[in-house]
Every structure is written in C-alpha cells, then in structure tokens.
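Biologist: Could you pick one spot in this model and take me through it closely, then work outward from there? I'd like to follow it with the structure open in front of me.

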Amino acid sequence: MKDMDAYDYISKQHRMNAIVYDTYGTTEVLRMEQIAVPVPQDYEVLIEVYASSVNSWDWDLLRGKPFINRIGAVRKPRYRTLGADVAGRVASTGSLVTRFKPGDEVFGDLSGGSWGAFADYVCASERALTLKPDGISHVQAAAIPQAAVLALQGLRNHGKLRRGQHVLINGAGGGVGTFGIQYAKLLGAEVTAVDRADKLHMLQTVGADHVLDYREVDFTAIGTTYDVILDVIGNHSVTALKHALVKGGRYVMIGGPMPRILMNLLYSPFISTLEQKKLSVLVHKPNHEDQLFWIEQVKEGRVVPVIHHEYALHDIAKAIQDLAEGKVKGKAVVSIRKPTAGSAYI
C-alpha cells in the first residue's frame with residue numbers, strides 16, 4: 001500500500017464513526033459506534049466519505065428480508081455497516097490501484113463489495129468508482145449510483161425504450177422513478193408516473209406527462225396500454241400487467257415481493273411466446289460507464305437529482321424509516337461531512 005507509514009500513524013491515532021448493527025431487525029437495532037479505520041487492499045481505495053444515500057436494499061438487508069438476503073448470513077448480518085452509494089475524497093490507495101490517487105473526488109456503488117458507506121471512511125474497489133467532476137456537489141453525486149443506474153439499465157437495456165414510445169413507471173416517486181422519468185424525456189418518450197397523491201406534483205415537475213394516484217386508479221384496469229412498464233414496487237399480478245402492455249411491449253421489474261418476482265420469472269417464457277410481450281426481472285449490476293453517463297447529464301444540466309432531505313449520519317435510522325414508509329420523494333441523502341480544503345490524505 002502507498003504511503004503506509006502515514007496511514008499507520010493516522011489510523012493508530014484515530015478511529016471513525018460508523019452506523020452498525022449486529023442482528024436483523026428494524027431501525028431500532030442501528031447504533032453509532034467508534035470502529036477502526038479500514039485498510040485498503042491492493043485494488044482498493046480508502047474514501048473519506050462526504051455523502052451517501054439510502055436505498056430500499058438497505059432496508060431489506062437490515063431486516064434480512066426476503067430470506068434470500070440471509071443466504072450465507074442466516075444468524076447475523078453479512079455487512080455490519082450498510083450504505084452502498086458513496087461520494088467523497090480518496091484518502092489513500094492500495095498498491096495496485098491505477099485509476100485514482102489521493103485527493104481525487106469520487107462517487108460510486110459499493111453493493112458489489114462489502115458496502116459500509118454509512119461511516120466516516122470506507123474501502124472500495126477502484127472498479128466501483130467514477131471521478132466526480134467539479135461543479136457537482138457530493139450530495140448530488142451520492143444520489144446517483146444505484147437508483148440512476150437501475151433506471152438506465154431498466155429502460156435502456158431491458159425496456160429498449162425509444163423516442164415516441166409511451167412508458168409507465170410504477171412507484172415513480174423514489175430515486176429510480178425520478179431518474180427514469182428524466183431519462184425517458186431525454187429520449188423523447190411519453191411518460192405516465194404512478195405513485196401516491198402527495199408525490200404527483202413533484203413527478204410533474206421532473207417531466208411526467210401524466211400522473212396517477214395508485215390508491216385511486218389501477219393502471220392495469222383503465223384500458224390504456226404502454227410500450228414499456230418499469231415497475232419499482234411490484235404490486236400487480238402478471239395477468240393484470242400483460243393486459244397493460246401493447247403487443248411487443250416490455251415489462252421490467254426492479255423491485256417487489258419475492259412471490260411476484262418468481263411468478264414473473266415463471267410466466268415470462270409463455271407470455272413472450274404466446275402474446276409477444278416481454279417480461280423480465282432486472283438484476284442490478286453496478287457499472288462505471290452507466291455512472292459516467294449520469295454524471296455527465298447532471299453536469300450539463302439535463303438531469304437534476306431529486307433530493308428529499310439531507311440527513312446527518314446520526315439520523316440514518318430516520319432516513320431508512322422514512323424510505324420504508326414511502327415518505328421520501330426522490331432520494332434520501334446522508335450528509336456525513338462537509339468537504340474542507342485542509343482534509344489530510346492518509
């Protein structure tokens with residue numbers, strides 16, 4: 001590791017704050033604890049964390065639900081500190097790192113590694129990270145990695161969305177949906193956004209052409225059909241969903257109850273063959289190129305991350321609870337520390 005002497009000195013003098021949990025449960029099992037600053041391995045960098053953001057996956061891992069999240073970790077959590085989205089400054093690098101150097105400002109998605117962004121420092125593979133351009137705040141950058149990439153992969157890769165098509169986003173009021181709406185409008189698509197009534201005005205401000213309150217209107221039962229349906233919450237049956245697609249349409253499931261995911265996977269081949277309608281489940285793949293796409297859109301002002309609220313590190317439990325209760329409009333960002341010119345590199 002480069003600068004090992006400096007790292008040894010600082011790590012022995014200081015520990016860091018981290019939000020940890022040792023048993024599955026609700027937000028009540030979370031606590032702040034002083035733990036050792038992690039040591040980057042050969043292809044890792046140590047990040048001084050400035051901001052992170054909360055995703056539904058944090059809530060699922062916290063509870064250990066669905067049970068698939070406990071594979072290999074039945075009795076105690078696999079990741080003691082949650083947090084996949086990260087934005088901050090490189091403090092030190094492993095000996096084989098080539099893409100970054102101390103002082104670089106970066107952001108990325110740690111869900112392909114050991115998570116841990118709800119802390120003062122975290123180690124990450126250099127492959128998970130992208131340089132953050134000047135002019136974009138760490139708070140904005142932290143909103144991008146998981147939600148925006150899911151939206152892009154869902155609409156572009158799986159949905160094959162094109163100009164002039166009509167897309168419906170179910171559960172559009174969160175991070176995936178607000179990025180998805182803006183991407184669809186960049187393409188020149190028509191967008192219908194579905195969520196609860198208190199989010200509909202916000203959805204219109206980010207570009208939705210039509211908005212539906214799911215508690216008042218069942219989009220699968222009104223006779224309107226769509227070229228692409230991006231489903232964040234999975235609250236309709238496969239039978240109902242196929243009637244809401246045009247012939248040749250595509251349904252992409254990002255989230256939802258495990259039984260509905262399994263039913264989708266089971267019926268997809270039959271519906272594809274008999275009705276020429278494609279049903280798929282998106283498996284999230286963190287991707288540097290997709291992160292780069294989004295940061296360029298934000299840099300050029302074509303996309304604006306929707307930030308519901310900036311929470312302090314000690315308010316992580318409230319941020320996750322607000323997300324779980326559906327209160328978050330866009331992204332819940334955790335502002336861990338403010339960048340300072342005098343930050344020491346480790």
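Modeller: Let's start at Gly207. If you skip its neighbours within four places in sequence, Gly207 is in contact with Ile181 and Lys185. You'll find Gly207 in the loop between α6 (200–205) and β10 (210–213). Its relative accessibility is 23%, so Gly207 counts as partly exposed. Now look across to Tyr183: the two C-alpha atoms are separated by 9.6 Å, with these positions 24 residues apart along the chain.

Before we go on, keep in mind that this is a predicted model. The protein chain has an average pLDDT of 91, and 92% of the residues score at least 70. The weak patch is residues 1–7, where the pLDDT is below 50, although this stretch still has 19 contacts in the model beyond near neighbours in sequence. Where pLDDT is low, the predicted coordinates shouldn't be read in detail.

Back to Tyr183, as it leads us to some rings. Tyr183 belongs to one aromatic cluster together with Phe179, Phe293 and Trp294. Searching the whole structure turns up 6 aromatic pairs. One of them is Tyr79 with Trp115: the ring centres are 5.7 Å apart and the planes sit at 25 degrees, under the 30-degree limit, so this pair is stacked. Tyr79 is in the loop between α2 (56–63) and β4 (85–93), while Trp115 is in the loop between β5 (105–109) and β6, so to speak a link between distant parts of the chain, 36 residues apart. Tyr79 has a relative accessible area of 17%, which is under the 20% cut-off, so this residue is buried. Trp115 counts as buried too, at 2% relative accessibility.

Inside the cluster, Phe179 and Trp294 make an edge-to-face pair, 5.2 Å from centre to centre with 65 degrees between the planes. This pair also links distant parts of the chain: Phe179 is in helix α5 (residues 175–187) and Trp294 in helix α9 (residues 288–299), 115 residues apart. Phe179 is at 1% relative accessibility, so it counts as buried, and Trp294 is buried with a relative accessible area of 0%.

Helix α9 (residues 288–299) gives us a way over to Thr130. Leaving out residues up to four places away in sequence, Thr130 touches His288, Gln291 and Leu292, and also Arg99, Phe100, Glu105, Val106 and Phe107. Thr130 is in strand β7 (residues 129–131), and with a relative accessible area of 1% it is buried. Gly108 is 22 residues from Thr130 in sequence, but their C-alpha atoms are 6.0 Å apart in space.

Last stop: Trp115 again, this time at a pocket. The second largest pocket holds about 260 Å³ of space. It is lined by 16 residues, and the closest to its centre are Thr81, Ser114, Trp115, Gly116 and Val122. Three elements give two or more residues to this lining: β1 (15–20), β2 (31–36) and β6 (121–125). Of these, β6 gives the most, with 3 residues. As for character, the lining divides into 11 nonpolar, 3 polar and 2 charged residues.

How values were computed: Residues are numbered from 1 along each chain as its sequence is written. This is a predicted model: local features need pLDDT of at least 70, side-chain atom pairs count only at pLDDT 80 or more; totals for chains, interfaces and linings use all residues. Side-chain values use heavy atoms; hydrogens and water are left out. pLDDT is the predictor's confidence in each residue, from 0 to 100. Contact means heavy atoms within 4.5 Å. On a 1 Å grid over the protein atoms alone, a cavity is a set of points where a 1.4 Å probe fits but cannot get out, and a pocket is an open set with protein on both sides within 12 Å along at least five of seven lines; lining residues have an atom within 4 Å of a point. Grid points are joined across faces, edges and corners, and a volume is the space filled by probe spheres set on the points. Helices (H or I, at least four residues) and strands (E, at least two) are DSSP runs, numbered from the N terminus. Ala, Val, Leu, Ile, Met, Phe, Trp, Tyr, Cys and Pro count as nonpolar, Asp, Glu, Lys and Arg as charged, and the others, Gly among them, as polar. Rings of Phe, Tyr and Trp (its six-membered ring) pair if their centres lie within 6.5 Å; planes under 30 degrees apart count as stacked, over 60 as edge-to-face and the rest as tilted. Buried means under 20% relative accessible area, exposed over 50%, partly exposed in between (1.4 Å probe, protein chains only).
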